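Visitor: I am new to this structure and would enjoy a close look at one part of it. Please show me which residues surround the ligand, and what lies around that part.

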Amino acid sequence: FIVTNWPLIGMLPGLLMEMHRIYDFAVELLESSNLTFQLKGPLLSGMDMLATVDPANIHYMLSSNFSNYNKGPEFKEIFDVFKDVIFNVDAELWENFRKTAQVILNHQGFPRLSVSATRSKLKNGLVPLFDHFAKEGKILDLQDVFRRFTFDTLMVLITGSDPTSLSIDMPENEFDKALTEAIGGILYRKIKPRFLWRLQRWMGLGIEKKMLEANDIFYRLCAKYISAKREEIRLQGISHHSTNEEFKDFLTSYIKLDTTKYEILNTSDDLFLKDVILSYIVAGRDTTASALTWFFWLLSENPKVVAKIQQEINKNMQESEIGQEKSSFDPTELNKLVYLHSALYESMRLYPPVPFEHTSPVKEDVLPSGHKVDANSKIIIPLYALGRMKAVWGEDASEFKPERWISNTGSLRHEPSFKFLAFNAGPRSCLGKQLALNMMKTVTVHILQNYDIHVIKGQKIEPFPGLMLLMKHGLSVTITKRV
Ligand code: HEM
């Protein structure tokens, strides 16, 4: 299996021809090249990169030799619309940002608050919407529903206020739309030759113009959230954030942060607080929505798995009364749902919400596979291909089998993160993993207890070649309510 490397234009013609099925193409390419492949772009285009799904390389770059691998200067420039968000910074700023995020997400009150925010969005957003569409028998795009669901829920956790983008008339939300424009623009920057998008940015043309506009929208809307929050805190009287205090929202926690511990973070600067809002919403919105969408599609194809999840729910959980007081639901209840957890992991193995990881060596190096990598060269890890490699997951790698995650004792089987990379590995692993899993389990339990989802037959299901693995055409479904 070969892509021709032409003089001057490199492998560009072959890659362009396969662009429409880039994920499956990457599976074939890496399977037939012993898990690592050197891609060559046109001369001086800056598009050369090493693609690897070799677990030994992944472990080496993301964990054991982490200090020699970072995002690299080009990654930061491509993502400049999001400025200094956590996943776009390196060195001291990243370390400080990460430490604060850990303190906040590990706050003892956080799991309860996050599950209660999810349940309240179910009650006030998803349930009325599903009931309406069930009654009318109308078709609904489930991916759009999940994107709005995660956007609203995360905004409540981040800022304390609900943008209510999930409602029957599906209103357009300016912030949400700007995020989608910005993410779309980043994708174009990744696939276009560098000089071309830089020229377009300089001239303020096309998608680059939209990115500049998105940037202005972020400034304007975040400034509103921040000034309202400062005022709220001023009225309550200032105190530093402590672990005993009730968790309110991320913004409050950052404004009250004890900055003697994190000198580099300027919490009195609105620009930093804007980076905080964007960091969490970009990290959490489409990732969780993508995971839920592929999961519900896989469930529609695998009724036996649905039956097993339902059995597990019936055995371990009482009827989900989402109207009940927030204090009466214990989030650790969700940990009993081992089969549901396995099914979610299995879905993310095959459809990882973040389909590519990027890294770049600070100094030249040799990877465990023997490949030499230059300083500042580009390395990508295609996660969709990693989950489907027979050499990594066995002959049945492409099959959806939640059972592969269950150990002989019935507990969740541990797979190393350099093999199951959906939440990344090493010091830069996802900080929202527990939050995302709790949200997804809460949503799934409630939907499977109360509704049947029917995926419309004959629609084309394919991944959009983007930063997140969303479905290109959405997921059209109808809903019926259980009686
Ligand atoms: C199913 C849902 C999710 C998946 C699959 C996922 C996956 C990932 C991945 C692959 C990374 C590494 C990105 C990179 O550096 O290239 C990451 C980082 C991160 N994620 Fe998640 N994520 C999910 C949900 C969330 C949520 C809900 C939050 C919180 C709002 C969150 C917060 C973060 C943060 C703060 C980082 C940056 C960590 C750092 O750079 O040190 N994630 N996530």
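Guide: Happy to. Let's begin with the whole protein: of its 483 residues, 40% count as buried, meaning that 20 or more other C-beta atoms, placed from the backbone, lie within 10 Å of a residue's own (12 or fewer is exposed, in between is partly exposed). What you see is a predicted model, in which local features need pLDDT of at least 70 and side-chain atom pairs count only at pLDDT 80 or more, while totals for chains, interfaces and linings use all residues. Residues are numbered from 1 along each chain as its sequence is written.

The protein has 17 helices and 10 strands, which are DSSP runs numbered from the N terminus (helices are H or I, at least four residues; strands are E, at least two).

Now to the ligand. It is surrounded by 24 residues, and the closest are Ala 283, Gly 284, Thr 287, Cys 430 and Gly 432; a residue belongs here if its C-beta atom, placed from the backbone, lies within 6 Å of the molecule. Helix 5 (91–105), helix 12 (270–301) and helix 17 (433–450) each supply at least two residues of this shell, with helix 12 giving the largest share, 7 residues. By type, the shell holds 15 nonpolar, 6 polar and 3 charged residues. Here Ala, Val, Leu, Ile, Met, Phe, Trp, Tyr, Cys and Pro count as nonpolar, Asp, Glu, Lys and Arg as charged, and the others, Gly among them, as polar.

Let's pause at Cys 430, which sits in the loop between helix 16 (390–393) and helix 17. An unreviewed UniProt entry places the feature "binding site" at Cys 430, though such annotations may be inferred rather than shown by experiment. Cys 430 is partly exposed because 19 other C-beta atoms lie within 10 Å. Not counting residues up to four places away in sequence, Cys 430 touches Phe 423 and Asn 424; contact means C-beta atoms, placed from the backbone, within 7 Å.

Helix 12 leads us onward to the largest nonpolar core, which has 120 residues; among those with the most contacts inside it are Ile 158, Ile 277 and Ile 281. Helix 12 gives the most to this core, with 16 residues. Such a core is a set of buried Ala, Val, Leu, Ile, Met, Phe, Trp, Tyr and Cys residues joined through C-beta atoms within 7 Å. Leaving aside neighbours within four places in sequence, Ile 158 is in contact with Asp 249, Phe 250, Leu 251, Ile 277, Tyr 280 and Ile 281.

Key. Two residues are in contact if their C-beta atoms, placed from the backbone, lie within 7 Å.
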